[in-house]
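Student: I would like to go through this model and ask, term by term, what justifies the wording. Where should we begin?

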Amino acid sequence: MSRSRKPPVMTGPFAQAADDFIQYKRSCGFKYEYEPKCLSRFCRFATDKGVTSVEISRELAEAWIAPRDGESVKSRSHRMTCIRQFAIYLDNLGYAAYILPEQHGTNTCSFVPYIFTHEQINALIRAADATQPWEGSKNMHLALPVIFRILYGCGLRVSEVCNLKFQDVNLDAGILTIHEPKNGCDRYIPLSDSIKEACISYADHIWWEKDTEYFFMAPDRTRLSPMTIYQRYRRYLLDAGISHGGKGYGPRLHDLRHTFAVHVLQKWITEGADLTAMMPILSTYMGHNGIRSTAQYLRLTAEVYPELMKQVEKNCSYIIPEVAHEGD
């Protein structure tokens, strides 16, 4: 009598992301029969290496693909392909993930964040607002316009939006509580009046229990997958007339977070604010480990709004970095 094999179990900090990745690949038509076992082993490998957050460093990736005694070239190639695809998936969602070079030797270039114009943001929001109800997706046409307002208007990571529960959304005070974010420190996010009103309107129309469930829930009452949001995002880009360069070229969903930071800095510069005093506030708001990560956005501001930056270069040039940081 044959026994059915249990599917591999994902563990550690990559568990949810790995499960979402497999689900996404299968939804795209790939069988992904052997990859789950590979990812399950990678999850354990990362935990053994002391990894505690969803982040694939170059050291971790290269340690994972190091040759093993008695391993065939085909088996090692499969491990390399699997982790490379997983890293591309994480990178598209805004996580810090080192993407291994393609096996034929073509090196991947560093990604330059895309900064949307205010007009493009408005077009993207209009596209989200035009989302139509579709079979089997319950309230997604109500959720998506609010989600994209939060992604840009609050500068949240997509994982932070997906993890929001009703208890984390104070509709009276207009404050979001972000639990267990990337840097491990909970934080509070005040909402603008327009985003608060959008959240209230959404909450008034949805049907599930509001005491224990996620604020934005998948049709099967589980946590909404970041890839679901990414897939709709690609459609909204098309509807808004914003071209996408394909995998690795963006604009990525995470670039809405970059754009939020740059637009905030643009506003402060225009208003003549003291950036040395305001940068720590933005750093705390965005959940960065330190001001150095936030300061990277000044370089992007200098590239997108060079005339504005001339006003502050003399006084603040020491906090304008030479190289942008991609993972925050």
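Tutor: Begin with a salt bridge between Arg223 and Asp20, whose closest N and O atoms are 3.0 Å apart. Arg223 sits in the loop between helix H8 (193-205) and helix H9 (226-239), while Asp20 belongs to helix H1 (residues 15-27), so the pair links parts of the chain 203 residues apart. Bear in mind that this is a predicted model.

Student: Why is the contact of Arg223 with Asp20 called a salt bridge?

Tutor: The term requires a side-chain nitrogen of Lys or Arg within 4 Å of a carboxyl oxygen of Asp or Glu. The closest N and O atoms of Arg223 and Asp20 are 3.0 Å apart, so the pair qualifies.

Student: How do you know whether Arg223 is buried or exposed?

Tutor: Buried means under 20% relative accessible area. Arg223 has 15%, so it is buried. Asp20, with 7%, is buried too.

Student: How many salt bridges does a search of the whole structure find?

Tutor: Nine. One of them joins Asp91 and Arg252, at 3.4 Å from N to O. Asp91 lies in helix H4 (residues 73-92) and Arg252 in the loop between H9 and H10, 161 residues apart. Asp91 counts as buried at 8% relative accessibility, and Arg252 is buried at 2%.

Student: What makes Lys267 partly exposed, and what is Glu271 called?

Tutor: Partly exposed covers the range between the 20% and 50% limits. Lys267 has a relative accessible area of 49%, so it falls in that range. Glu271 is at 51%, and exposed means over 50%, so Glu271 counts as exposed. The two form a salt bridge with their closest N and O atoms 2.7 Å apart. Both lie in helix H10, four residues apart, about one turn of the helix.

Student: Which residues do salt bridges with shared partners join into one network?

Tutor: Asp91, Arg252 and Asp255.

Student: How do you know that the span of H10 agrees with its number of residues?

Tutor: At 1.5 Å a residue, the 17 residues of H10 (residues 255-271) should span 24 Å. The end C-alpha atoms are 24 Å apart, which agrees. Just after the helix, Gly272 takes a positive phi of about 75°.

Student: What makes H10 largely enclosed by the rest of the structure?

Tutor: Of its 17 residues, 14 are buried, so that description holds.

Student: Why are H6 and H10 called oblique to each other?

Tutor: Their axes come within 7 Å and cross at roughly 50°. Angles under 35 degrees count as roughly parallel and those from 65 to 115 as roughly perpendicular. The crossing angle falls in neither range, so the helices are oblique. On the H6 side the contact is made by Phe148, Leu151, Tyr152 and Gly153; on the H10 side, by Leu256, Arg257, Thr259, Phe260 and His263.

Student: Which residues have the most contacts inside the largest nonpolar core?

Tutor: Phe14, Ile56, Phe86, Phe148 and Phe216, in a core of 99 residues. Helix H6 (residues 140-153) supplies the largest share of this core, nine residues. Leaving aside neighbours within four places in sequence, the contacts of Ile56 include Phe14, Phe42, Ile83, Phe86, Leu90 and Tyr98.

Student: How many helices and strands does the protein chain have, and what percentage of its residues count as buried?

Tutor: The chain has 14 helices and three strands. Of its 328 residues, 49% count as buried.

How values were computed: Residues are numbered from 1 along each chain as its sequence is written. This is a predicted model: local features need pLDDT of at least 70, side-chain atom pairs count only at pLDDT 80 or more; totals for chains, interfaces and linings use all residues. Side-chain values use heavy atoms; hydrogens and water are left out. Helices (H or I, at least four residues) and strands (E, at least two) are DSSP runs, numbered from the N terminus. The expected span of a helix is 1.5 Å times one less than its number of residues. Buried means under 20% relative accessible area, exposed over 50%, partly exposed in between (1.4 Å probe, protein chains only). A nonpolar core is a set of buried Ala, Val, Leu, Ile, Met, Phe, Trp, Tyr and Cys residues joined through side-chain atoms within 4.5 Å. Contact means heavy atoms within 4.5 Å. Axes are lines fitted to C-alpha atoms, for helices over the stretch in contact, and angles run from 0 to 180 degrees between N-to-C directions. Angles under 35 degrees count as roughly parallel, over 145 as roughly antiparallel, 65 to 115 as roughly perpendicular and the rest as oblique.
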